[in-house]
Amino acid sequence: MAVFEDMMQANALQGKDPAIRRRITRASLAPLAGIEAASLAGIRSALATADLSGDPSHWLAADLSLGSWACHHLGNTLRVQLGQTAATEGVATEAQGPGREQRDGMSSAALIGELVDAESRGNTGIIAALDHAQVIAAALAAGPPRSVLVIAPRFDIGWRQDDIACLRFLAFALWATPARLILVAADRHEAGLPDDFDIRWSTAQDAPQTQTEPPPLAALMPSVISAGLSARLGVGEIAREYIARLTDGSTLIDPALRARPSARLRHLFDRLGAIQGLDPALKAFAQLNGSGYHADPVFLVRQAWHSFTIGGHEIALDLMAHAVACAPDTATRGRFLYELQGMRIALQKFDEARMAPAPDPSLPSETRAGIILTRGWGAALSGHPQEGREHLATALAMLRGDIGDDSHFLYFKNIYALSLVRTGAWDAALGLEKEIEASLDASEVETGRRDWPMTYVNSLNQARLYKYHKDFDRSFAYYQRGFATTLGARSESDAVYANFCLAKLHAQHGQDHAAFLCWFRTALHWVAADIPEALAMRVAAGILARRTGPYEPVADRISEVIGEELSAAARRIGLAPGADPPEMVFCRQPTPNEAGTGLLIGAAGWAAILMPDTGMGPAVSTPPHDRLRRLLSGLIRRAAPQATLPARCLAMLPCEGTGEMPLSRDDAWLSAARYGVRKLIYDAHEMTLTPDEQADLLSRRHVRHGFGVSTWAQKSDKVVHVTFKRNLRALTLRGLEAGIFAQAASPVPHAQLATDRCRVEAIDRLERAGLLASMAP
């Protein structure tokens with residue numbers, strides 16, 4: 001799945017408005033229907049008892065009996081049956097695979113930087129799961145009644161976390177459609193779902209089944225079988241009562257034919273993996289369950305990295321571990337183990353990284369040092385700081401001679417600095433971070449390029465170290481420097497984290513008004529997030545002051561903590577919420593606005609545009625989240641006591657350009673003009689912008705390169721190549737856009753650039769893509 005910012009960037013350059021999908025409001029889970037059935041006959045019987053059709057043409061089915069064989073298995077399976085395109089962007093094929101940087105794993109500084117960016121964007125598995133649920137619900141909403149059958153994993157295989165997330169979102173999304181979501185389990189005790197799922201089970205009347213020995217090849221497929229694979233898997237040879245033909249031509253295999261993957265079936269999995277034209281992910285599944293003799297470790301590594309990059313972290317770890325076990329020699333096994341360790345570190349599986357076997361002495365020194373380093377990294381962050389420091393010191397001494405002081409080495413020095421902090425050597429850690437900063441500066445002078453992810457990490461580490469030393473000015477400066485790398489491409493997690501860190505810093509130094517503003521912005525960004533459940537683990541850990549798991553449900557507790565901190569900060573400055581606040585739903589994304597409607601309310605440090613109720617619901621509506629929204633609504637009401645507000649309204653945070661709300665009056669006025677808002681209450685003072693004043697503000701605003709732009713190179717008069725600091729992919733601009741971008745290398749008045757309608761539209765597209773940004777005159 002493409003990252004949301006990337007999709008916005010691409011849509012903007014194609015002239016499309018940013019997509020605003022109908023939100024799926026997540027509240028307490030409603031009971032979910034469950035069928036205990038070990039056969040197709042039992043499933044049909046149970047559906048008939050519930051007055052639902054037993055005709056498979058009225059079903060959608062995702063068969064997870066043998067577990068998930070690919071990332072987002074549940075969501076993709078249902079999408080394909082609905083005639084939708086599976087979310088398989090960037091799929092690795094046998095011929096292509098991921099690029100060299102991914103195959104080299106953690107030996108590439110560029111890949112480490114990408115992992116830093118990926119972590120800050122949030123949990124891609126949860127983001128993709130919600131996207132699947134939205135697409136599936138939209139397709140089913142306009143159709144006839146359907147039964148959506150999800151056959152639970154069996155044989156102690158267990159659910160993948162991204163499938164649980166998709167099932168959870170589907171449970172919220174499908175209640176307003178004619179479709180009915182039904183969980184099917186051969187044994188209800190094998191359902192294996194988290195405790196907050198309330199399954200209302202009915203037991204089917206199953207006829208006794210005799211399992212075929214050995215099972216047919218089709219029964220080893222961990223999914224429904226596509227029409228294109230049916231003949232090659234011998235589906236036509238299976239008795240008709242053991243198969244169900246679905247509407248898209250795919251086949252659901254009778255649960256009675258399924259068998260536990262075991263050593264006795266390995267030869268059959270080898271046959272499955274040898275089928276021509278098999279999807280690479282299915283081939284990897286077959287190799288995972290077959291004999292090691294037929295496994296292709298290089299292919300498994302390639303497929304593991306592909307799964308990793310699209311959010312299939314659990315599958316990636318399984319495939320990489322199998323590649324290590326099947327490696328043909330010590331050197332290859334060591335290289336693959338190094339890459340597996342990189343995945344473990346990126347997923348914060350520090351205990352597993354610490355417990356990896358010591359490297360073989362015959363390995364190349366860089367590989368051996370890398371394994372030692374990742375073991376130390378794991379130890380340092382799993383409660384064994386002295387052990388970690390010793391491993392890291394050994395590894396760095398080995399690596400210094402092999403790779404010198406390049407970007408790759410700087411990341412490793414950074415984690416060594418963390419181990420120094422964990423063992424109380426604060427001053428030594430700060431000295432090491434200063435060395436890293438000097439190396440980054442020198443490299444930029446020499447190459448003309450800067451390692452922005454490393455700059456982000458280094459700046460935030462120095463900010464924390466100066467905070468420990470109670471040096472406010474330096475701590476604040478380094479926080480600002482680090483978070484400046486995210487401007488123009490801030491994720492929801494970035495926006496929350498930047499304000500949270502500054503709130504804690506201001507509070508530490510008794511700067512109560514500044515601390516309140518930062519907590520206020522933290523809370524606004526949090527409740528405006530479309531997918532708060534996907535908050536980056538590092539951010540969640542900071543707010544909760546403890547480590548969290550990638551799929552751990554912590555959103556309610558985060559709402560409680562932010563609400564408690566915001567309430568306390570407001571009390572310290574004598575601020576109480578206004579009386580009778582309206583119900584507010586918050587969002588960050590641009591929302592269409594009829595010219596002249598809406599009201600901008602703000603003050604130094606924040607602004608929000610209130611618009612009439614659009615029918616959009618909150619992303620999350622649980623008691624802690626609702627309490628926080630009410631508190632924010634009351635504080636906004638306090639800032640504009642004279643305003644006449646409807647009982648329910650949409651509060652949009654105008655975060656264009658930087659990814660942060662307008663911090664000054666001039667920026668707030670420009671935002672109002674851009675969104676067609678004429679009425680403003682700023683610092684409790686009312687004013688109205690006339691159409692002429694709005695037009696004047698828009699024409700006099702200055703246009704510059706986007707805050708997220710890193711480098712640009714003009715290849716010709718009509719071709720410009722642009723790279724970004726964080727999160728966004730490099731782009732090549734051509735024609736009119738290339739010329740406008742080149743003209744805006746220094747801030748230029750909008751009126752000077754926008755000389756005709758085509759140029760106005762091109763400037764708008766470039767701004768939405770993060771390539772240009774506007775500044776108040």
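Colleague: Which strands does helix H2 (residues 40-49) lie across?

Modeller: Helix H2 lies across S1, S2, S3 (147-151) and S4 (180-185), and runs at about 135° to S2. This is a predicted model, in which local features need pLDDT of at least 70 and side-chain atom pairs count only at pLDDT 80 or more, while totals for chains, interfaces and linings use all residues. Residues are numbered from 1 along each chain as its sequence is written, and side-chain values use heavy atoms, with hydrogens and water left out.

Colleague: What makes a run of residues a helix or a strand?

Modeller: Both are DSSP runs numbered from the N terminus: H or I over at least four residues for a helix, E over at least two for a strand.

Colleague: Which strands stand at the edges of the sheet S2-S3-S4-S1-S5?

Modeller: Strands pair if DSSP finds at least two bridges between them. In this open sheet with parallel pairing, S2 (59-63) and S5 (199-203) each have a single partner strand, so one side of each is left without a neighbour in the sheet.

Colleague: How do you know that S1 pairs with S5?

Modeller: Five bridges join S1 (residues 32-36) to S5, and at least two are needed. One of them links Ala33 with Arg200.

Colleague: Why are H13 and H15 called roughly parallel?

Modeller: Helix H13 (residues 330-346) and helix H15 (residues 365-380) pack at about 25°, with axes 9 Å apart. Axes are lines fitted to C-alpha atoms, for helices over the stretch in contact, and angles run from 0 to 180 degrees between N-to-C directions. Angles under 35 degrees count as roughly parallel, over 145 as roughly antiparallel, 65 to 115 as roughly perpendicular and the rest as oblique. H13 and H15 are therefore roughly parallel.

Colleague: Which residues of H13 make the contact with H15?

Modeller: Contact means heavy atoms within 4.5 Å. On H13 the residues are Gly334, Arg335, Leu337, Tyr338, Gln341 and Ile345; on H15 they include Gly370, Ile371 and Trp377.

Colleague: What makes the aromatic pair of Phe269 and Phe285 edge-to-face?

Modeller: Rings of Phe, Tyr and Trp (its six-membered ring) pair if their centres lie within 6.5 Å; planes under 30 degrees apart count as stacked, over 60 as edge-to-face and the rest as tilted. Phe269 and Phe285 have 5.9 Å centre to centre and 75° between the planes, so the pair is edge-to-face. Phe269 is in helix H9 (residues 266-273) and Phe285 in helix H10 (residues 280-289), 16 residues apart.
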